Each structure stands twice: as C-alpha cells, then as structure tokens.
Amino acid sequence: MIDVLVAGGGPAGLATAVHAALAGMEAVVVEPRDAPVDKACGEGLMPTGLAALRAMGVFPQGRPLRGIRYLTPAHQAQADFDEGPGLGVRRTALHAVLHRRAEELGVRIVRGRIDRLSQDHTGVHAGGMSCRWLVAADGLRSPLRAALGLDVPDTRPRRYGLRRHYRVAPWTDFVEVHWAPGGEAYVTPVGDGLVGVAVLSSQRLAFDEHLARFPALRARLSGPPDGKVRGAGPLRRRARARVAGRVLLVGDAAGYTDALTGEGVSLAVLSARALVGCLLAGRPQAYEAAWRRLSRRHRLLTEGLLWATRVPGGARAIVPAAQRLPAVFRTAINLLA
C-alpha cells in the first residue's frame with residue numbers, strides 16, 4: 001500500500017511528495033499534464049518560502065527580490081524584506097525544479113486524474129491505487145474538495161487574475177504593486193530580460209483593457225509579450241476543513257483568499273511540510289490547526305486589504321497611508337514574508 005498518494009502535481013503536490021520521500025515514505029503523484037505546467041501566478045517567492053524550498057534541496061533560479069513596493073501615480077511606499085531577499089522565478093522554472101527533485105528522491109509521477117475516492121479506517125482507494133493517506137493538491141476548483149463535501153459557498157465579489165510576461169530588462173528589484181480603481185497590477189522580475197505582469201480585478205476584461213488603467217506601467221513594457229495570457233479565478237475558495245478522514249488538503253485546494261499579498265506558493269510549501277510532519281507524528285488531525293496557524297497572518301492581512309478595496313475611497317487610501325506610516329507598512333510586509 002502506498003504511504004502518500006498525491007492528487008495534483010503542482011508546487012503544493014510536488015512539495016508534499018518531496019517531504020514525504022525525505023521522511024522515508026513512499027509517495028506517488030497523479031497529474032494529468034506534462035511538466036512543467038504553466039498557470040497564472042505572481043511568481044514572487046517570499047524569503048520564508050524560498051528558505052523552505054532550499055531546505056528540501058530545491059534551488060530555483062531567478063531574480064533576487066529586495067522587497068515590496070506599492071505605487072499610484074501620486075504616491076509610493078516600499079519595504080525591504082528583513083530576512084534577506086525573496087526570488088522572482090518563472091512558474092515553469094519552479095515547477096521544473098520541483099519535478100526534478102521529486103524524481104531524484106524516487107517519487108513516482110503517474111499520468112492521470114483523481115476526482116473520486118473511497119476510504120475506510122485502514123486506507124483510501126483512488127485512481128486505481130490504494131494508499132494510507134490521500135493528499136488533495138488539485139487546485140482552486142479541487143474536485144476532491146467538492147467530492148468530500150468540504151466546499152463552502154461564498155457570496156462576496158469574485159476576483160480574477162491574469163498574467164503575461166514581457167521581454168524587457170527589469171527596472172526594479174522589488175515586487176511592484178500598482179494600484180488603480182478597479183484592480184491592481186503586479187510586476188515581478190523573473191529573469192535578466194523578463195518580467196511578469198499579473199492583474200487582479202473583480203471585472204472580467206481582456207488583459208490589455210486592464211493594463212490601460214496603468215499608463216505609467218504600460219509605458220515601461222516596451223518589449224514584446226512572451227507567451228500567452230494565463231488566467232485564474234474566481235480566486236477566493238473556502239473549505240470547511242483541511243482533514244476528512246484519511247484525506248488532507250494542501251495548496252489552493254485547502255482554501256484560498258486572494259493573490260493580493262503574494263503568499264500562495266510559500267504558504268503551499270510550508271503547509272506541505274507541516275502536513276507530512278503531522279502524518280509522521282501519527283497525528284493527521286493536527287494538520288488543521290497547523291494550517292490555520294501558518295495561514296493566519298496571510299488570511300487576516302489579505303482580508304483586511306480586500307475589505308479596504310471594497311470601501312468607497314478605500315483603495316485610493318492604501319498607498320498614501322503606507323507612505324505616511326512606513327514602519328507599519330514594513331512590519332506588515334515582513335509578517336507576510
């Protein structure tokens with residue numbers, strides 16, 4: 001019987017499999033797509049997440065990130081990371097190095113999809129395989145979360161993300177967050193001649209229509225687009241619990257607030273480590289509290305910023321407030337980083 005069967009071979013699923021293999025457990029990943037897989041992503045790794053990857057023997061290549069900068073046409077606020085640089089890394093590059101590390105450790109990666117299961121007190125049967133534990137790392141729309149009855153309806157305004165790369169020399173070593181009425185644009189340097197631009201909004205518009213709201217940013221994107229526009233959403237997803245019998249949820253499948261604070265990949269990697277630690281300790285139910293502890297700051301700060309963007313005039317006040325209160329802004333950034 002397989003120790004840990006992982007449904008989904010994205011960063012969260014591969015990180016779970018790597019941690020399981022490092023702990024001496026047999027891990028199998030089931031993924032329908034060939035690696036590396038691209039998707040809409042801000043592509044900025046926070047320092048804590050980068051350190052967690054390196055501790056796993058995963059060393060992605062990219063552009064060092066000094067901190068976070070918020071901008072409007074009239075205001076600017078920035079904060080350095082206290083714990084050293086983060087890393088801007090293209091999603092496909094991160095996925096490739098995680099995939100390679102998993103294979104080095106003997107993780108078996110199987111082409112397929114898991115969207116249903118059966119379980120009892122001894123194990124789980126899914127995808128034609130039997131395992132002691134099944135980890136659902138199958139993304140925002142997680143079929144397994146739905147199959148387990150863990151989806152929680154959400155009536156708040158829906159937000160969506162789009163991302164495109166541009167062949168242009170990075171002009172900053174910060175992740176830049178450009179604010180405008182109706183949404184935000186995130187600039188992440190990911191290579192010597194490549195930047196990623198992601199836009200977040202509750203309005204369903206084409207990428208270029210969103211970008212038109214940021215004329216100063218658009219003027220900097222003098223190089224040609226590189227690759228397709230990638231989209232994701234609705235972003236906010238809620239789960240009733242992260243543990244259901246012998247099934248545990250990780251990554252976006254475990255619940256997602258918004259990409260506003262850029263913590264998705266780092267939180268997924270740290271949660272994967274906590275999940276495997278709970279299995280090793282024979283306390284799988286402890287993973288729920290561990291996930292809540294790891295994600296608490298992210299959830300609270302992101303919810304606070306989202307609330308501010310929904311209040312009339314709130315979005316316009318965020319960057320001026322951060323500029324007037326640099327110590328508060330720096331503290332908030334480093335709580336997340």
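Modeller: A salt bridge is counted when a side-chain nitrogen of Lys or Arg lies within 4 Å of a carboxyl oxygen of Asp or Glu. The structure discussed here is a predicted model.

Biologist: With that cut-off, what is the N to O distance between the side chains of D154 and R238?

Modeller: D154 lies in the loop between β12 (151-152) and β13 (160-166), whereas R238 belongs to strand β18 (residues 238-239), 84 residues apart. Their side chains nevertheless meet in a salt bridge. The limit is 4 Å, and the N to O distance of this pair is 4.0 Å.

Biologist: How many salt bridges does the structure hold?

Modeller: The pair D154 and R238 is one example, and D38, E43, R163 and R230 are linked in a network of such bridges. For the structure, the number of salt bridges is 22.

Biologist: Which residue meets the side chain of R330 in a salt bridge?

Modeller: R330 is in helix α10 (residues 326-336), and its partner, 248 residues away, is in the loop between β6 (76-80) and β7. R330 is partly exposed at 38% relative accessibility, and the partner is partly exposed at 46%. The bridge has an N to O distance of 2.7 Å, and the partner is D82.

Biologist: Is D226, which forms a salt bridge with R167, buried or exposed?

Modeller: The side chains of R167 and D226 meet at 2.8 Å, N to O. R167 is in the loop between β13 and β14 (174-180) and D226 in strand β17 (residues 225-232), so their bridge ties together parts 59 residues apart in sequence. R167 is partly exposed, at 42%. Because D226 has 18% relative accessibility and the cut-off is under 20%, D226 counts as buried.

Biologist: Which side chain of opposite charge is nearest to R246?

Modeller: R246 sits in the loop between β19 (243-244) and β20 (247-249). This arginine is buried and has no salt bridge. The nearest side chain of opposite charge is 5.8 Å away, where the limit for a bridge is 4 Å. That side chain belongs to D120.

Biologist: Which residue offers its backbone oxygen to the side chain of R246?

Modeller: Beyond its neighbours within four places in sequence, R246 is in contact with residues including Q119, H121, W133 and L134. The side chain of R246 also reaches a backbone oxygen at 2.9 Å, and that oxygen belongs to R132.

Biologist: Which two residues touch the most other members of the largest nonpolar core?

Modeller: Nonpolar side chains tend to be buried together in soluble globular proteins. The largest core here has 64 residues, and helix α7 (residues 264-280) gives the most to it, with 9 residues. A second, separate core of 23 residues includes M46, L65, A77 and Y186. In the largest core, the two residues that touch the most other members are L5 and L134.

Biologist: How many of the 6 residues of strand β1 are buried?

Modeller: Strand β1 spans residues 2-7. L5 is in contact with residues including V28, I114, M129 and W133, its neighbours within four places in sequence left aside. The strand is largely enclosed by the rest of the structure, because the number of its residues that are buried is 6 of the 6.

Biologist: Which residue of β11 is the bridge partner of V6?

Modeller: β1 pairs in the parallel sense with strand β2 (residues 27-31) over 4 bridges, and A7 stands opposite V30 in β2. β1 also runs parallel to strand β11 (residues 129-136), with 5 bridges joining the two. In β11, the bridge partner of V6 is V135.

Biologist: Which strands stand at the edges of the open sheet of 3 strands?

Modeller: The order in this sheet is β3-β7-β4, and the pairing is antiparallel. β4 and strand β7 (residues 86-88) pair over 3 bridges, and the bridge partner of P64 in β7 is L87. Each edge strand has a single partner, so one side of each is left without a neighbour in the sheet. The edge strands are β3 (44-45) and β4 (63-65).

Biologist: How many Å apart in space are R324 and H75, C-alpha to C-alpha?

Modeller: R324 is found in helix α9 (residues 314-324) and is exposed, with a relative accessible area of 61%. R324 and H75 are 249 residues apart in sequence. In space, their C-alpha to C-alpha distance is 9.8 Å.

Technical notes
Residues are numbered from 1 along each chain as its sequence is written. This is a predicted model: local features need pLDDT of at least 70, side-chain atom pairs count only at pLDDT 80 or more; totals for chains, interfaces and linings use all residues. Side-chain values use heavy atoms; hydrogens and water are left out. Buried means under 20% relative accessible area, exposed over 50%, partly exposed in between (1.4 Å probe, protein chains only). Two strands pair if DSSP finds at least two bridges between them. Lys and Arg count as positive and Asp and Glu as negative; His and the chain ends are not counted. A polar contact is a pair of N or O atoms within 3.5 Å; within protein, one must be able to donate a hydrogen and the other to accept it, and residues adjacent in sequence count only if both atoms are side-chain atoms. Contact means heavy atoms within 4.5 Å. A nonpolar core is a set of buried Ala, Val, Leu, Ile, Met, Phe, Trp, Tyr and Cys residues joined through side-chain atoms within 4.5 Å.
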